[in-house]
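Student: Please take a close look at one residue and what it touches. Then work outward from there to other parts of the chain.

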Amino acid sequence: MEKLPHIFLPDQPETRPYTSTASAVIKKTIIFRDRAQHGQYLQGQFKKAWDESQRGQLALVGTRNGVYLEFVSDPDAELVTKSLEDMRSKEIRLLNVRKEKNASGQLLTLATVYVSNQKRKYFAKKLAEYLSQNTDKGNPKHQDLVASISDIRNALLVDSFWTDTNAPKPGSDKKWVEVWLRGDSDEDVKAFDRLLAQIKLEARQGVIKFPERMVKVVFASSADLEKLTQASDLIAEYRLAKTTTAFFMEMDAKEQAGWVDNLLNRIDRSGNPVSSVCILDTGVNNGHPLIQPFLSVDDCQSVDPSWGAHDHDRHGTLMAGTALYGDLTPLLESSDSVSVTHVLESVKILPHDGENEPDLWGYITAQGVSRAEIQSPDRKRAYCMAVTATDTRDRGRPSSWSAEIDQLAATWDEQRLFIISGGNSLHTMEVKEAAQQYPDIQVTESVHDPAQSWNELTVGAMTNLVDIVDSNLASYKPVAEAQTLSPFSTTSSTWEENKWPIKPELVLEGGNLAIDNSGFATECDDLSILSTTYRPDAQGYFYPFNMTSAATAQLARMAGAIRAEYPDYWEETIRALLVHSASWPEPLKKQFMAADKKSEYKNLLKICGYGVPSLDRALYSARNALTLIAQAELQPYDKKSGGGMRTRDMHFYDLPWPVEVLQALPDEVQVKMKVTLSYFVEPGPGEIGWKDRYRYASHALRFDINNPGESKEEFIKRINKAAREEDEQLTSTQSASGHWLLGSTARDRGSIHSDTWTGTSAELAASNFISVMPKIGWWRERSHLGCWNRKTRYSLVVSIETESTEVDVYTPIVTKLNLPVPVQIHT
């Protein structure tokens, strides 16, 4: 992904009116060929490649019913890969597309394609028609496809399938390799397992299924992979399997120290970091060599000095290591430099016995915040807390603890960003129960107090960890499949409908459970991430880490990195960017969605929020995927001249879309626009207010966008009418709901709202007005409290993305705003 800074809009919502301009025309890139010479050459190469591939099949097993071919582009030219498979038939399948440099350093596109014996004539016919037939416009038939192909050859047995460009292929020594298979049926799995048994290759138990793909992990050398390719027509890709935490946990302390030293030598530190992550937990032991450079003694504190600032429990130091580095496993494996742009702070909020009185939780949290800010008043920080109540009786209703979090986040003259664990399902059940009843029991287990807070980011857990290497657990399999809900996560599915915020907002790696055939389940190192131990002198340097605590620390690391990159961004903006960057992995969607409907997405939001965040997307724009950011203050309410209260201000933005670029795209091209609105609310003062969602929040904001072709005046009139109606009762807006993925019913909850609009480029060019408008809240309804004239801060994040990386929507917007064109950010 190209890395460009986000575009920060002037803090003035009203801009100049939208003016359309003449469209430009984008021409196809066609390589002009000598028709007869090129067609006949490819015919010869096709026949040669087919014969070579058939001769290379492994007759011993005899499971191949076709050949693998490799199609190659010209240097620095595109290959029309969409035409290399027949979607109506499983017998012609595009397996993988790779980019490789030739000897001259030019980039080639290579596509590996499977063609069954019965479909040999498919490409032969296209080449013959290219030579002998014309289209109605007089061009050679199939010209776009055939002209884009410079060569056809027999697919190499390993190289043509190795897509893991950042990992070396196995040589004569065996390695654990992910074998990606085309297809997704149980019969294909059984056939491949039989093949593995015949050629005597060791494989891990289980298979991961994706749409049209399955993954097995096989212990193989390069020669073994060649045998697989010769024998099976199911091969699509090979990738190096991921190393698990157990690899490092099995080392003695001396061996671990060597890995620590290697990592320390590769760390790239910020010279004067302004960003920090403050961990509110069991304390942190900063004697660990990976933590010490980033956590000073002065920044290790305790709410009660008699407790000491040290970590007595292990948990706080695990949080610290993950908040700095994320999962240590891939970093230890790599030889790349590691950038750490923020520092740590620690405030111990748990005594040695691990218990505080329930009615003191909010107070203790506030004391922890106060100590950190007194120690370093000028530092900009994100608060990270994975301490939650063990019961779930609140089910969305604010508690004193969650309300205090909201209050700390949204003190009217100061804002703070909190990142809090949603709590773990295992706090209230046994491991066996959690595994055997997965995922039903996780879905019904409510997010724990104080994670129902409106203003903080609540973190749940998903998992990619499915490989069990421990020989003692050979009969076990992972409970959750890759890219699905972690067995430790909690949700808001059982909360009162449409009343409380979407929780959790985000999910990150939280680990997995292992279960055997009898139903016995256990945690294991292989299904955990790797972090820092609290006693390196006695226990070695590394320790496995899982559950929503691990996920929370990872998100805090992302927040620290965003703050370091953009020190002037508000807390509301960092929160918005994290949510804005998120998406749902397809397996996670399929786990909980029966159909692609708004009602199904609404249910998905209650389980895993907006999905898995991407740090790169949160940090950077690209030429074809840009992000606009606005930070503004709005006064929602005012007094009427004759008495009573009224709504006061709405903000409007004329989005500086690159109209010429968008209008030049073909009519069938779909573009996406994502909008995220983030603000903090002040909590309602008193239990009576919490019975009504309009009374808990001081105010509410909503966004809307004009329908394609709707003028600014028509748009303003529509929005004003909708606002007046919603003052009395909640109604949906009259926006073009067909364009929105979620719709207002699902997204308009809590104090952060995010949705994705999809349409044609022409429709996007005509949808350039966006409004931010107030809705009812206790600032207005309880005017006697004297808050009716307060202003609220908000952050508005809007991004557009085109499918083609060749389309530049970034530069025209920068030019239109008279901003300097930035250079690409190197990291």
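Tutor: Leu555 touches Ile419, Leu457, Val459, Leu506, Leu508, Leu578 and Pro613, leaving out residues up to four places away in sequence. Contact here means heavy atoms within 4.5 Å. This is a predicted model, in which local features need pLDDT of at least 70 and side-chain atom pairs count only at pLDDT 80 or more, while totals for chains, interfaces and linings use all residues. Residues are numbered from 1 along each chain as its sequence is written, and side-chain values use heavy atoms, with hydrogens and water left out.

Leu555 also belongs to the largest nonpolar core, which has 97 residues. Together with Tyr325, Leu328, Leu344, Phe542, Ile562 and Leu578, Leu555 touches the most other members of that core. A nonpolar core is a set of buried Ala, Val, Leu, Ile, Met, Phe, Trp, Tyr and Cys residues joined through side-chain atoms within 4.5 Å. Buried means under 20% relative accessible area, exposed over 50%, and partly exposed in between, using a 1.4 Å probe and protein chains only. Helix H15 (residues 547-565) gives the most to this core, with 10 residues. Helices (H or I, at least four residues) and strands (E, at least two) are DSSP runs numbered from the N terminus. A second core, separate from this one, has 71 residues, among them Met385, Val387, Trp454 and Leu634. In soluble globular proteins, nonpolar side chains tend to be buried together.

For the wider setting, the protein has 26 helices and 34 strands. Of its 827 residues, 58% count as buried. Among contacts with a separation of 6 or more, 81% are between residues 24 or more positions apart.

Aromatic rings come next. The whole structure holds 15 aromatic pairs. One of them joins Phe161 and Tyr238, which are tilted at 55 degrees between the planes and 6.1 Å centre to centre. Phe161 lies in the loop between strand S5 (151-154) and strand S6 (175-182) and Tyr238 in strand S10 (residues 235-240), so the pair ties together parts 77 residues apart in sequence. Rings of Phe, Tyr and Trp (its six-membered ring) pair if their centres lie within 6.5 Å; planes under 30 degrees apart count as stacked, over 60 as edge-to-face, and the rest as tilted. Phe161 is buried, at 0% relative accessibility, and Tyr238 is buried at 0% too. Both belong to one aromatic cluster with Tyr68 and Tyr114.

Two arginines place their charged ends over rings. Arg269 sits over Phe294, 4.8 Å from the ring centre, and Arg793 over Trp570, 4.1 Å from the ring centre. The test asks for NZ of Lys or CZ of Arg within 6 Å of the ring centre and within 35 degrees of the ring normal.

Arg702, in strand S31 (residues 700-705), is buried at 7% relative accessibility. Its side chain makes a polar contact with the side chain of Tyr679 (3.5 Å). Such a contact is a pair of N or O atoms within 3.5 Å; within protein, one must be able to donate a hydrogen and the other to accept it, and residues adjacent in sequence count only if both atoms are side-chain atoms.

Asp537, in helix H14 (residues 536-539), is exposed, at 68% relative accessibility. Its C-alpha atom is 8.8 Å from that of His288, 249 residues apart along the chain.
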